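User: Please examine the predicted model shown below. I should like the reasoning behind each term to be set out.

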Amino acid sequence: MKIFIDSADVDEIQQAYKWGVIDGVTTNPSLIKKAVDRRVGDGKKLDMKGYVAQILEMSKGNPVSLEVTERSAEGMIAQGKKLFEMFNPIAQNVNIKIPVNPALADDEASHFDGIKAIRSLAEDNIPVNCTLVFTPEQALLAAKAGAAFVSPFAGRVDDLLRKNAGMSFEKSDYYPAEGHDTEGGLLHDDGVLSGIDLVRQCVDILDYYGFETEVLAASLRNPRQVREAALVGADIATLPFTVIQGMLKHVKTFEGMNSFMNDIVPEYAEL
Ligand code: E4P
């Protein structure tokens with residue numbers, strides 16, 4: 001499984017590349033805002049073009065997702081093309097993130113604008129990462145439209161299930177992949193038992209029909225979810241910096257290191 005970093009922070013991205021554990025980057029408007037807020041003080045403006053170029057250069061050979069902010073099909077296509085033309089020449093590694101459905105509410109008429117934009121950009125050989133996927137059928141339509149990646153949002157499914165059930169939780173809390181059993185039966189969102197179950201269903205459908213589209217497990221909030229995304233066959237997991245850091249930690253590893261360090265005899269250390 002490939003690992004991407006889910007961050008727009010150049011320091012985090014650079015560190016993760018130095019560790020040698022990442023294969024790409026995903027950004028979104030919220031992550032860009034976080035990175036900008038961290039850097040901009042006293043009303044200073046960030047050179048956004050130069051900042052994005054830095055991320056692309058340090059990612060040479062690895063894909064970087066840049067998300068559109070428009071919502072109409074025409075707007076997303078025009079903005080997607082513009083972003084691609086502006087940034088792809090830097091390191092040939094840009095893909096454009098398009099929401100599977102940009103409608104803000106059920107009564108809007110634009111439910112298929114994301115799919116139309118994916119189709120159009122894919123026809124122009126612009127790789128698309130289809131984002132905000134919450135059902136396997138959304139993933140199927142995005143794959144049919146030609147998305148290079150589909151991003152099921154695992155953690156946000158778990159948030160929804162817990163919220164609907166009135167459970168209190170922290171975003172980083174583990175939620176069982178096999179679902180949470182209650183007296184009323186397993187919690188589910190229209191047959192999806194957990195965020196990892198959503199990833200599994202997307203993987204199963206796209207594999208079954210031989211799509212080239214890769215399943216990019218997103219919104220992962222803890223190391224156990226990363227393991228479970230790998231176990232269900234996600235092609236990629238995109239992870240916040242803190243989750244990558246957490247993947248190496250175990251109390252028995254620390255304990256073992258302490259005892260090995262205490263047992264070093266000078267004769268061995270001098271070899
Ligand atoms: C990545 O592409 C997504 O935007 C991201 O993983 C969302 O994560 P969150 O649900 O923790 O905000």
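User: What makes the pair formed by an oxygen atom of the ligand and the side chain of Ser-219 a polar contact?

Analyst: In this predicted model, an N or O atom in the Ser-219 side chain is 2.7 Å from an oxygen atom of the ligand. The limit for such a pair is 3.5 Å, so the pair counts as a polar contact. Ligand oxygen also lies 2.6 Å from a polar side-chain atom of Arg-156 and 2.8 Å from one of Arg-221. On its own the ligand has 340 Å² of accessible area, of which the protein covers 88%.

User: Which residues surround the ligand, and how do they divide by character?

Analyst: The surrounding residues are Asp-6, Thr-26, Asn-28, Lys-97, Phe-153, Arg-156, Ala-218, Ser-219 and Arg-221. Four of the shell residues are charged, three polar and two nonpolar. The space that the ligand takes is the largest pocket.

User: Why is the pair Glu-67 and Lys-97 called a salt bridge?

Analyst: The closest N and O atoms of Glu-67 and Lys-97 are 3.6 Å apart. The cut-off is 4 Å, therefore the pair qualifies. Glu-67 belongs to strand S3 (residues 64–67) and Lys-97 to strand S4 (residues 94–99), so that distant parts of the chain, 30 residues apart, are linked. By this rule the count is 16 salt bridges.

Terms used
Residues numbered from 1 in each chain as written. Predicted model: local features only at pLDDT ≥ 70, side-chain atom pairs only at ≥ 80, totals over all residues. Heavy atoms only, no water. Near = heavy atom within 4 Å. Polar contact = N/O pair within 3.5 Å; in protein donor to acceptor, adjacent residues only side chain to side chain. Areas by Shrake-Rupley, 256 points an atom, 1.4 Å probe, with all protein chains shown as cover. 1 Å grid on protein atoms, 1.4 Å probe; cavity = no way out; pocket = protein on both sides within 12 Å on 5 of 7 lines; lining within 4 Å. Sits in = over half its atoms within 2 Å of the grid points. Nonpolar A, V, L, I, M, F, W, Y, C, P; charged D, E, K, R; others polar. Salt bridge = Lys/Arg side-chain N within 4 Å of Asp/Glu carboxyl O. Helix = DSSP H or I, 4+ residues; strand = E, 2+ residues; numbered from the N terminus.
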